[in-house]
Amino acid sequence: MIEILPIFTNSPLRNYSYLVYSNRTGEAYCIDPLDVKQILNHSQKLGVKIKGILNTHEHGDHTQGNLELKEETKAIVYGHKDAKHKIPGMDQILKEGDLVFSVEEESLAVWDTPGHTFSHLSFVRKNPKTILGIFSGDTLFNAGVGNCFRGGDPNVLYETIQSRFESLPDSCLLYPGHDYWDNNLNFAEHVDPKNVFRDNYKSSLKPFQISEMGDEKNLNPFFRRNTNSVKDRLTELKETFTNDRSIFLTLRKLRDHW
């Protein structure tokens, strides 16, 4: 089976890198490398060899470690076709539906998930029966979604969240590109004040908690946008909305200034 090691980088932006690996084959892939020394220490302890570097998108805090890690491991650097000249050391293009890594019946597949940028990929860990986890980069966070002011579009992000992420099974684990729990939960309280589930969840929250999508659907105001709690709060804030999309866009605008 495929194993996952989240690596919190202690960067100012609270980045995560991830090692996706197999104990059986000794093969590993690194998603969004930042601190190369940290990544190599973990891979050596695990006894795995990094064969590939997977970039969710082109922003520097997700590609910073590419060249050093590539030099140290001779790994192949993968990314979105539209980021070919923006991602350091990129060797190969990934597109929707590609399989990056397979072990027994589990695989890591590619989703094209634009919105935060137009060159954004997510990586889906799945077996023949279900989706087990998703590496969402800066598309979806715990209790939030990505911003769109560095090469993206909130309308496209809405479409990606609605068409891809909202249909994920409740048991699917979320592996985001950053740990934004605190800020996002505070914003959620601001725009979704009558959410008892969130209040209970927050009281039992552990550091760097990995959430399930079922929890996210009950926590994340961008998923809960059609609840009375959110709609009533937007009305109190004198925000205008007419439909599902406009509520999402209003929430994204409010989060931009939070």
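Which residues gather in a patch of negative charge on the surface? The points below take that up, then move on to salt bridges, cysteines and backbone details.

1. **Status of the model.** This is a predicted model. Read every value below as computed from it.

2. **Negative patch.** D35, E68, E71 and E72 are the residues that gather in a patch of negative charge on the surface. One of them, E72, sits in helix α3, which spans residues 66-73. E72 has a relative accessible area of 52%. The cut-off for exposed is over 50%, so E72 counts as exposed.

3. **Salt bridges, overall.** The count comes to 18 salt bridges. Three pairs are taken up in the next points: K81 with D82, E189 with K202, and R225 with D244.

4. **K81 and D82.** These two residues form a salt bridge, with 3.2 Å between the closest N and O atoms. K81 is partly exposed, at 48% relative accessibility. D82 is partly exposed as well, at 41%. Partly exposed covers the range between the buried limit of 20% and the exposed limit of 50%, so K81 at 48% falls inside it.

5. **E189 and K202.** Here the side chains meet in a salt bridge at 2.8 Å, N to O. E189 belongs to helix α5 (residues 181-191) and K202 to helix α6 (residues 196-203), so the pair ties together parts that are 13 residues apart in sequence. E189 is partly exposed, with a relative accessible area of 30%. K202 is partly exposed too, at 34% relative accessibility.

6. **R225 and D244.** The side chains of R225 and D244 meet in a salt bridge of 2.7 Å, N to O. This pair links distant parts of the chain, 19 residues apart. R225 is in the loop between α7 (213-219) and α8 (228-236), while D244 is in helix α9 (residues 244-256). Are the two partners buried or exposed? R225 is buried, with a relative accessible area of 3%. D244 is buried as well, at 18%. Buried means under 20%, so the 18% of D244 qualifies.

7. **A network around that pair.** R225 and D244 are also linked with E166 in a network of salt bridges. Inspect these three residues together in the viewer.

8. **Cysteines.** How many disulfides does the structure hold? The number is zero. C172 is in no disulfide, and the nearest cysteine sulfur, that of C30, is 20 Å away. The cut-off for a disulfide is 2.5 Å between the sulfur atoms, so C172 and C30 do not form one. C172 is buried, at 0% relative accessibility. C148 counts as buried too, at 11% relative accessibility.

9. **A143 and N186.** A143 lies in the loop between β11 (140-141) and β12 (144-145). A143 is buried, at 1% relative accessibility. Along the chain, A143 and N186 are 43 residues apart. In space, their C-alpha atoms are separated by 9.4 Å.

10. **R14.** This residue has a positive phi of about 55 degrees, although R14 is not a glycine. Where is R14 found? R14 is in the loop between β1 (3-8) and β2 (16-21). R14 counts as partly exposed, at 35% relative accessibility.

11. **K238.** K238 is another residue with a positive phi, about 60 degrees, and is not a glycine. K238 has its place in the loop between α8 and α9. The residue is exposed, with a relative accessible area of 74%. That value is over the 50% limit, so K238 is classed as exposed.

12. **L237 and V191.** L237 lies in the loop between α8 and α9, where K238 is also placed. L237 is partly exposed, at 27% relative accessibility. How far apart are L237 and V191 in sequence, and what is their separation in space? They are 46 residues apart in sequence and 9.0 Å apart in space, C-alpha to C-alpha.

Methods
Residues are numbered from 1 along each chain as its sequence is written. This is a predicted model: local features need pLDDT of at least 70, side-chain atom pairs count only at pLDDT 80 or more; totals for chains, interfaces and linings use all residues. Side-chain values use heavy atoms; hydrogens and water are left out. Patches are made of residues with over 30% relative accessible area and no salt bridge: like charges are joined within 9 Å, nonpolar side chains (Val, Leu, Ile, Met, Phe, Trp, Tyr) within 5 Å. Accessible areas come from the Shrake-Rupley method with a 1.4 Å probe; for residues, only the protein chains shown count as cover. A salt bridge is a side-chain nitrogen of Lys or Arg within 4 Å of a carboxyl oxygen of Asp or Glu. Lys and Arg count as positive and Asp and Glu as negative; His and the chain ends are not counted. The place of a charge is taken as NZ of Lys, CZ of Arg, CG of Asp or CD of Glu. Helices (H or I, at least four residues) and strands (E, at least two) are DSSP runs, numbered from the N terminus. Buried means under 20% relative accessible area, exposed over 50%, partly exposed in between (1.4 Å probe, protein chains only).
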